[in-house]
Amino acid sequence: PVYNGRDTIAYCLDSVLAQTCKDLEICVSDNASTDGTAEILRSYAAQHARLRIQAQPSNIGAAANFDAVRKMARGKYFMWLGSDDRICPSYIEKLVGELEKNPSSRAAQAATIVINDEGEIVRRAYYDSLVNPNLRGPIAQAINMLSFRKEIRNRKLNFFIYGVYDRRAVERLAPVLPEQVR
């Protein structure tokens with residue numbers, strides 16, 4: 001999903017296109033950007049057949065734009081990536097590999113490195129017992145995601161969006177999400 005991502009969308013797309021896992025469908029929902037993002041997307045789509053773009057006629061809000069990307073996806077696995085995010089070249093291959101090795105798993109997630117505009121590492125976020133989905137039950141995970149304690153919210157930086165998911169599991173969750181998120 002992207003909205004007015006002119007300054008970052010190329011870095012994001014380049015990181016996805018550089019993945020060692022080449023069997024990728026790349027879906028982008030442009031949330032009626034007004035800053036030239038659409039032109040950048042069209043340029044990339046003209047060069048890369050696996051890139052599909054959906055241009056929203058008007059701004060539908062961030063949550064609905066994330067859901068628009070989910071609805072576009074057709075593959076076995078699925079992931080969200082913000083337009084200002086970048087991933088290492090083996091990111092998808094490694095996470096899909098973990099899912100393939102563990103067929104009962106529905107998600108594989110990785111640590112996150114936050115960098116500033118100068119490319120300097122600001123923060124590293126790793127899983128621990130508070131945010132590792134393998135170490136906590138579903139109720140504890142939900143409580144963690146919704147925690148009012150700032151130190152817990154800050155530690156779960158990479159919990160939800162950063163990872164690769166079994167697309168069918170994400171589809172099963174969609175009906176239970178609040179209407180404003182769908």
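Let us start with helix α3, which covers residues 62-72. Its buried residues are Ala-64, Asn-65, Asp-67, Ala-68, Val-69, Arg-70 and Met-72. The model before us is a predicted one, and every value I quote is computed from it. What covers these buried residues of α3? The cover includes the strands β1, β2 and β3, together with helix α7, residues 167-173.

Allow me to place this helix within the protein as a whole. There are seven helices and seven strands. Read from the N terminus on, the elements run α-β-α-β-α-β-α-β-β-β-α-α-β-α. The protein has 182 residues, of which 39% are buried. As for contacts between residues at least 6 apart in sequence, 69% of them join residues at least 24 apart.

I turn next to strand β1, one of the elements that cover α3. How many of the residues of β1 are buried? Five of the five are, so the strand is largely enclosed by the rest of the structure. Ile-26, Val-28 and Asp-30 point one way from β1, whereas Cys-27 and Ser-29 point the other way. The partner of β1 is β2: the two strands pair in the parallel sense, over five bridges. Within that pairing, Val-28 has Ile-53 of β2 as its bridge partner.

Just after β1, in the loop that leads to α2, we find Ser-33. Is Ser-33 buried or exposed? Its relative accessibility is 16%, and the cut-off for a buried residue is under 20%, so Ser-33 counts as buried. The side chain of Ser-33 makes a polar contact of 2.5 Å with the side chain of Asp-30, and Asp-30 is one of the buried residues of β1. A polar atom of the Ser-33 side chain also lies 2.7 Å from the backbone nitrogen of Asn-4. Leaving aside residues up to four places away in sequence, Ser-33 touches Val-2, Tyr-3, Asn-4 and Gly-5.

From here I move to helix α1, residues 9-17. Its buried residues are Ile-9, Cys-12, Leu-13, Ser-15, Val-16 and Leu-17. They pack against β1, α2 and β2.

Ser-15 in this helix merits separate attention. With a relative accessible area of 9%, Ser-15 is buried. Which backbone atoms does its side chain approach? One is the backbone oxygen of Cys-12, reached at 2.8 Å. Another is the backbone nitrogen of Ile-87, which lies 3.2 Å from a polar atom of the Ser-15 side chain. Beyond residues up to four places away in sequence, Ser-15 touches Asp-85, Arg-86 and Ile-87.

Those three residues lead us to the second largest pocket. Asp-85, Arg-86 and Ile-87 are among the residues closest to its centre, along with Ile-113 and Ile-115. The pocket holds about 890 Å³ of space, and 29 residues line it. Which elements each supply at least two residues of the lining? They are α1, α4 (91-101) and β5 (112-115). Strand β5 gives the most, with four residues. By class, the lining comprises 14 nonpolar, eight polar and seven charged residues.

Beyond α4, in the loop between that helix and β4, sits Asn-102. At 35% relative accessibility, Asn-102 counts as partly exposed. A polar atom of its side chain lies 2.9 Å from the backbone oxygen of Glu-98.

Strand β4 takes us to the last topic, an open sheet of three strands. What is the order of the strands in this sheet? The order is β3-β7-β4, and the pairing is antiparallel. The edge strands are β3, residues 77-78, and β4, residues 107-109, each of which pairs on one side only. In general terms, strands of a sheet pair through backbone hydrogen bonds, either parallel or antiparallel. Strand β3 is joined by two bridges to β7, residues 163-166. Here Tyr-77 stands opposite Asp-166 of β7.

To close, let me return to the opening helix. Strand β3, an edge strand of this open sheet, is also part of what covers the buried residues of α3. Strands β1 and β2, which pair in the parallel sense, belong to that cover as well, and the buried residues of α1 pack against both of them.

Conventions:
Residues are numbered from 1 along each chain as its sequence is written. This is a predicted model: local features need pLDDT of at least 70, side-chain atom pairs count only at pLDDT 80 or more; totals for chains, interfaces and linings use all residues. Side-chain values use heavy atoms; hydrogens and water are left out. Two strands pair if DSSP finds at least two bridges between them. On a 1 Å grid over the protein atoms alone, a cavity is a set of points where a 1.4 Å probe fits but cannot get out, and a pocket is an open set with protein on both sides within 12 Å along at least five of seven lines; lining residues have an atom within 4 Å of a point. Grid points are joined across faces, edges and corners, and a volume is the space filled by probe spheres set on the points. Ala, Val, Leu, Ile, Met, Phe, Trp, Tyr, Cys and Pro count as nonpolar, Asp, Glu, Lys and Arg as charged, and the others, Gly among them, as polar. Buried means under 20% relative accessible area, exposed over 50%, partly exposed in between (1.4 Å probe, protein chains only). A polar contact is a pair of N or O atoms within 3.5 Å; within protein, one must be able to donate a hydrogen and the other to accept it, and residues adjacent in sequence count only if both atoms are side-chain atoms. Contact means heavy atoms within 4.5 Å.
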